[in-house]
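Work through these exercises with the model open beside you. Try each task before you read its solution.

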Amino acid sequence: MEAAMGLMRRIPPKHSEAALTALLSLLPHHSADLLSQVDQPLQVLCDVDSGKQFILCEYNRDADSYRSPWSNKYHPPLDDGLYPSQELRKLEVDANDVFMVYLDQSINRYYEGGTSSVYIWEHEDEGFIACFLIKKDGSRTADGRRGYLEEGSWEAIHVIEVVPLEEATARYCLTSSVMLSLTTNDESSGNFNLSGSIRRQMNMDLPVAAGHLCNMGRMIEEMESKLRYSLDQVYFGKTKEMVCTLRPPSEPVQTRLLELISKRRP
């Protein structure tokens with residue numbers, strides 16, 4: 001299992017689905033652990049009842065059907081599917097509305113044209129778990145308003161476990177993952193491929209007076225800023241350094257190349 005997880009950490013996100021399928025066939029007795037610990041590329045489906053898109057993942061899946069956060073119905077229809085309680089469903093609806101606004105008002109409109117979904121369900125012991133998903137497709141053929149890339153996506157998964165404590169406080173345990181993939185193929189930048197993933201955790205004890213949604217939103221916004229900074233330093237920063245070290249261009253060409261690398265983020 002340790003070797004399998006080490007392999008998945010080194011597989012580019014665009015190939016992780018095929019690699020996971022191969023590992024499941026080799027290690028069927030570890031299927032549950034692999035499916036719960038390995039992040040897979042997010043898929044999108046249209047909710048015919050609301051006309052809105054929603055993201056498919058293990059957190060809204062029951063059998064071969066996926067629950068839409070907009071209509072609270074399974075696609076394809078499922079008679080005995082699992083649903084959140086009435087209280088958590090209300091929180092889920094509010095979270096989806098707020099998160100849609102966040103996508104268009106985040107720093108530098110980073111997710112402009114992206115898709116989001118929020119799913120909330122009861123914890124086995126007490127409290128609840130919430131999953132916030134974002135998928136931004138930056139491909140030229142995508143519906144996004146910034147489709148510069150031949151292929152490209154930014155996929156974020158934020159899972160928060162909320163456990164009530166004494167004195168009107170709650171413990172929030174956030175686990176965030178980001179999968180980045182981009183490919184260019186044109187005269188200005190040539191054939192260029194960059195992909196990777198990063199995962200971070202954060203734990204905080206906060207008063208619930210402001211509301212769970214407010215507390216979770218602040219944690220996610222802080223975590224997203226940290227993840228963007230890490231990706232900028234690790235992936236884009238190292239790429240710039242290696243390109244300019246191995247093939248030092250003239251100053252005007254170097255300036256143009258760095259502008260292209262910075263511009264073509266999904």
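This is a predicted model. Start with a strand.

**Exercise 1. How many of the residues of strand 7 are buried? Then find the strands that pair with strand 7.**

Solution.
- Step 1: Count the buried residues. In strand 7, 9 of its 10 residues are buried, so the strand is mostly covered.
- Step 2: Look at strand 6. Strand 6 and strand 7 pair in the antiparallel sense, over 8 bridges. In this pairing, Tyr 119 stands opposite Cys 131 of strand 7.
- Step 3: Check the link between them. The two strands, 6 and 7, form a hairpin with 5 residues between them. In the turn, Gly 127 has a positive phi of about 80°.
- Step 4: Look at strand 8. Strand 7 and strand 8 run antiparallel and are joined by 10 bridges. Here Lys 135 stands opposite Glu 155 in strand 8.

**Exercise 2. Test whether the span of helix 4 agrees with its 20 residues. Then sort its residues into buried and exposed.**

Solution.
- Step 1: Work out the expected span. Helix 4 covers residues 86–105, and at 1.5 Å a residue it should span 28 Å.
- Step 2: Compare. The C-alpha atoms at its ends are 29 Å apart, which agrees.
- Step 3: List the buried residues. In helix 4 they are Leu 88, Arg 89, Leu 91, Glu 92, Ala 95, Asn 96, Phe 99, Tyr 102 and Leu 103.
- Step 4: Look down the axis. The buried residues of helix 4 fall within an arc of 150°, so they line one face of the helix.
- Step 5: Turn to the other side of helix 4. Gln 86, Glu 87, Lys 90 and Gln 105 are exposed there.
- Step 6: Find what the buried residues pack against. Their partners are strand 4 (65–67), strand 6 (115–122), strand 7 (128–137) and helix 5 (212–246).

**Exercise 3. Is Glu 92 buried or exposed? Name the residues that Glu 92 touches.**

Solution.
- Step 1: Place the residue. Glu 92 sits in helix 4.
- Step 2: Apply the cut-off. Buried means under 20% relative accessible area. Glu 92 has 0%, so it is buried.
- Step 3: List the contacts, leaving out residues up to four places away in sequence. Glu 92 touches Arg 67, Pro 69, Asn 72, Pro 84, Val 118, Tyr 119 and Ile 120.

**Exercise 4. Which residues of the largest nonpolar core touch the most other members? Which element gives the most to this core?**

Solution.
- Step 1: Pick out the residues. The largest nonpolar core has 34 residues, of which Phe 99, Phe 128, Phe 132, Ile 160, Tyr 172 and Met 216 touch the most other members.
- Step 2: Find the elements. Those that give two or more residues to this core are helix 4, strand 6, strand 7, strand 8 (151–164), strand 9 (169–186), strand 10 (190–207) and helix 5.
- Step 3: Choose the main contributor. Helix 5 gives the most, with 8 residues.
- Step 4: Look for another core. A second, separate core has 13 residues, including Phe 54, Trp 70, Cys 131 and Leu 133.
- Step 5: Return to Phe 99. Beyond residues up to four places away in sequence, Phe 99 touches Ser 116, Val 118, Phe 132, Leu 133, Ile 134 and Ile 220. Phe 99 also forms one aromatic cluster with Tyr 102 and Phe 132.

**Exercise 5. In what order do the 3 strands of the open sheet lie? Explain what is left at its edges.**

Solution.
- Step 1: Read the order. The strands lie as 3-4-5, with antiparallel pairing.
- Step 2: Find the edges. Strand 3 (61–62) and strand 5 (74–75) each have a single partner strand, so one side of each is left without a neighbour in the sheet.
- Step 3: Check one pairing. Strand 4 and strand 5 pair over 2 bridges. Arg 67 has Tyr 74 of strand 5 as its bridge partner.

**Exercise 6. How many aromatic pairs does the structure hold? Classify the pair of Tyr 59 and Trp 121 and the pair of Tyr 74 and Tyr 83.**

Solution.
- Step 1: Count. There are 4 aromatic pairs.
- Step 2: Take Tyr 59 and Trp 121. Their centres are 5.4 Å apart, with 20° between the planes, and the pair is stacked.
- Step 3: Locate this pair. Tyr 59 lies in the loop between strand 2 (52–56) and strand 3, and Trp 121 lies in strand 6, 62 residues apart.
- Step 4: Check exposure. Tyr 59, at 32% relative accessible area, is partly exposed. Trp 121, at 24%, is partly exposed.
- Step 5: Take Tyr 74 and Tyr 83. This pair is edge-to-face, 5.3 Å centre to centre, with 80° between the planes. Tyr 74 is buried at 7% relative accessibility, whereas Tyr 83 is partly exposed at 38%.

Definitions and conventions: Residues are numbered from 1 along each chain as its sequence is written. This is a predicted model: local features need pLDDT of at least 70, side-chain atom pairs count only at pLDDT 80 or more; totals for chains, interfaces and linings use all residues. Side-chain values use heavy atoms; hydrogens and water are left out. Helices (H or I, at least four residues) and strands (E, at least two) are DSSP runs, numbered from the N terminus. The expected span of a helix is 1.5 Å times one less than its number of residues. Buried means under 20% relative accessible area, exposed over 50%, partly exposed in between (1.4 Å probe, protein chains only). The arc is that of the directions from the helix axis to the C-beta atoms. Contact means heavy atoms within 4.5 Å. A nonpolar core is a set of buried Ala, Val, Leu, Ile, Met, Phe, Trp, Tyr and Cys residues joined through side-chain atoms within 4.5 Å. Two strands pair if DSSP finds at least two bridges between them. Rings of Phe, Tyr and Trp (its six-membered ring) pair if their centres lie within 6.5 Å; planes under 30 degrees apart count as stacked, over 60 as edge-to-face and the rest as tilted.
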